[in-house]
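Please go through the structure below with attention to its cysteines, its charged side chains and the contacts between them.

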Amino acid sequence: MATTTGDGLRVRVLGPVRAWLDDVERDLGAARRRTVFAVLAGRADRVVSREELVDGVWGDAPPAGAVGSLHTYVSGLRRALGPARGALVSRSAGYSLRLAEGALDVDVFERRRAEGQRLFAAGEWAGARAALGEALALWEGVAYEGLSGPYVELERRRLGELRLGAIELRARAALGLGRFTEVITQVRPLVDEHPWYESLRELLMLALHRSGRPAEALEVYRDARDALLADQGLEPGPSLRHLHQVITAETTAPPHQPAAHTPHAADHPTAAHDALAGHHLPAAHDALAGHHPMTGPRVPAGHTPLAGHHLPAAHDALAGHTTLAGHRAPVAQHASALPTHSAETTRPVPAGFVGRTGEIALLRSLVADVRAGRGGAVWVEGDPGIGKSALLALALAGVDGDGARVAWGVADEMGRRFPLHVITECLDGVKASPASGRRGFAGADAAAVEQVVAVVEAICADAPLILVVDDLQWADDSSLLVWHRLVAVTRRLPLLLAAASRPTAGRRDLARLRRGVEARAGHVVALGPLDDADAEDLVAHVVGGRPGPVLRGITRRAAGNPLYLREVAHGLVARGAVRVVDGVADVDPAAGDELPGSLLAAVGRSLDFLSEDARQVLRSAALLGVEFRVGELAAVTGRSVLDLASVLEEAVAGAVVVEAGEELAFRHPYLREALYGAMSAPVRAALHRQAAQALADAGASVDRVAAHLVAEPVPVDAWVLDWLTAHHAALAARSPGIAADLLGRATDTDPADARQRTTLSTALATLRHAGGLESEQRPRGAAFHHGVHGRRLNRRPVPDRSCHADTATAAFCRATGPDR
């Protein structure tokens, strides 16, 4: 029997790409077919679009029949999988390979690697060494061995970097356990294989020195210096130079000085001992592994600190933290040499900044690392208004001139047309030695890019540099290329790259840059919403008191977005709607209905990245409510579901629209409000009238149709009269208040048809006589805004599951959901 879930199917990509069903290996065929399989396996349980497959297999120059070839390869793979062929499924948007948990070796490797990082951060070096050893044992050669193509080549580099990082971290754990010979044996071949990876040489030098072989440790440094000077004309980085100085000083220390490896040194040890006791291994993994920026990991029971080393607390030296040996770590090497300058290199932090403690700790730990000479990269990602710029501003406040320089640039849409625009803006704010060259970069070719890289290297030779690009999604192509090149050199330069960007969905170039940061052991910080407590703290700062019940409800509507929270709170204060009694701030229940124009404008600007076609379709979706069905949207727009699919995929990829069970929904109610409010009242009325007829023709329920007729002052024309005559009884049974509103408006028009006039008048009189309005009577349009449109509620009050459009929404969700 064929399996449709991938149960029993195991896949290996950490070596030659292979697959087994139970214990029987399946022949995946020739290289190109295995490459297609590799792309699907790397994104298992997600739909991979045909466009992504073509891009991943062939890159920018696919053959003319690439899509047809994909179909052939997928058919061949299904035959090759035999009984497991059902695990490779076709979707309208592409293909998906279903695998059980733990069936892909990469997933197991990354889980064991993460466990090793966690244990290492907790000081459990033996456990970390074991977990990382299990992760590394999964490798049987080079990842995706024997295959080519953009996807496998990028993944091969990414996984190779992760493997190297795991080896390095395992060696650090072994160093903490006193397994010096093991470290030397494992690391020495890697130094030959990766001659520019200075932290590996640092590990080897420490292991040799601690095992009583200082002469060999110094020889490792000389080899590194000779190789760097010969190939790149550069000296080793500050951290490696510092370790060399320490070992040299200790090796030549007078005999009466206490030995650096003795745990109980004299009260006044040598300066060399101080430095070595405070020397910290560079660790891009520290913050990722949960290492706190102000404390080193604890020493496991039964182990004595080795020469006072912390493994690996690069942050302690900058914090002035006292080591376990009782000696203060050395200060940053470059701090006293920094020139001062007047260029603006910081950004204001919004008043009342709240939360984000973990993210701030990570960023400050990376600042400490770069001050100590160790580079890195961090990518801060989040929705508009979520606080990316404010987070960077707070984390970097006071850094410029205090151990590092800060160069800050903000990309914008206009600047995208000018090569190297944002990078030039960054570097214009930094003064360096004359060797750094001029700031006027001409052209957008490779030579210009290399010129920029050379300038950054010259600046870093003077002092550590933190280069920040805000709103990276708007950066010009040449600046993005410079960013890509600089990420690669952070391993050998005291350079911290920091970017703030909106989510990269729909931008392949940004997605590649983001993956490049991850591949080089950088950090991707995905900023989510503030939790309720932090959101209330932010509002309290603006309004001057802790939010009361009504204000808390309004606060939650902002869904944790700091920009939305500030705009709403400032709008309430500006209108004088807030009253503070005994430290509690609250408003009248109706105060939250009117959204500040500044908020809607800000939300509207956040949708500028969408195509005009997508914005037009989403305006129609806004008519339907916070939640809507694809079939209903097709009916309202007059477009087929197939025609809408690409537009909705763009909206889903941009995180404007999300799945909500059988429906789609605007990710945030304010997104719908901004689209809806951007249309004038007469336009909205005309569109609601059109939507009502379209939904009626599609078979929607009477309350769905009627909701559109009362949403705005829709003229009562012949169609409205005919529809109301036919459905007034059903509408009165479901929503008597809305029925009375429409019947009153209809009779006010004095229909020409006498029979129709009599029917509608009688129905209205019956409703009034029955008293059915007492519990539901509202101003016209209130039912729509308070129910269907979700101004107060996020769901319709009377869910209608009868419309055939559910099928269309379900089909769209099946096609696009798994990989979103």
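In this predicted model, the count of disulfides comes to zero. The cut-off behind that count is a pair of cysteine sulfur atoms within 2.5 Å. A disulfide is a covalent bond between the sulfur atoms of two cysteines. Among the cysteines, cysteine 426 has a relative accessible area of 1% and is buried. Cysteine 460 is also buried, at 4%.

Salt bridges, in contrast, are present: the structure holds 33 of them. One of these joins the side chains of arginine 129 and glutamate 182, with N and O 2.9 Å apart. Arginine 129 belongs to helix 5 (residues 125–136) and glutamate 182 to helix 7, so this contact ties together parts of the chain that are 53 residues apart in sequence. Glutamate 182 has a relative accessible area of 17%, and it counts as buried because the limit for that class is under 20%.

Helix 7, which spans 180–193, also contributes to a surface feature. A patch of negative charge is formed there by Asp192, Glu193, Asp223 and Asp226. Helix 7 and helix 9 (214–232) each supply at least two residues of this patch. Aspartate 223 sits in helix 9 and is partly exposed, with a relative accessibility of 38%.

A further salt bridge pairs aspartate 588 with arginine 579, their closest N and O atoms lying 3.2 Å apart. Both partners are partly exposed: aspartate 588 at 47% relative accessibility and arginine 579 at 42%.

Farther along the chain, aspartate 717 and arginine 689 meet through their side chains in a salt bridge of 2.8 Å, N to O. This pair links distant parts of the chain, 28 residues apart: aspartate 717 lies in the loop between helix 28 (702–711) and helix 29 (718–734), while arginine 689 lies in helix 27. The two ends differ in exposure, since aspartate 717 is partly exposed at 29% and arginine 689 is buried at 16%. Elsewhere, salt bridges with shared partners connect Asp532, Glu536, Asp537, Arg546 and Arg556 into one network.

Helix 27 covers residues 681–697 and also holds proline 682. Which residue is 8.7 Å from proline 682, C-alpha to C-alpha, yet 32 residues apart in sequence? The residue is valine 714. Proline 682 itself is exposed, with 62% relative accessibility. Helix 27 thus contains an exposed residue, proline 682, as well as a buried one, arginine 689.

Methods: Residues numbered from 1 in each chain as written. Predicted model: local features only at pLDDT ≥ 70, side-chain atom pairs only at ≥ 80, totals over all residues. Heavy atoms only, no water. Buried < 20%, exposed > 50% of the residue type's maximum accessible area, 1.4 Å probe, protein only. Patch = residues over 30% accessible without salt bridge, like charges linked within 9 Å, V, L, I, M, F, W, Y side chains within 5 Å. Areas by Shrake-Rupley, 256 points an atom, 1.4 Å probe, with all protein chains shown as cover. Salt bridge = Lys/Arg side-chain N within 4 Å of Asp/Glu carboxyl O. Lys, Arg positive; Asp, Glu negative; His and termini not counted. Charge placed at Lys NZ, Arg CZ, Asp CG, Glu CD. Helix = DSSP H or I, 4+ residues; strand = E, 2+ residues; numbered from the N terminus.
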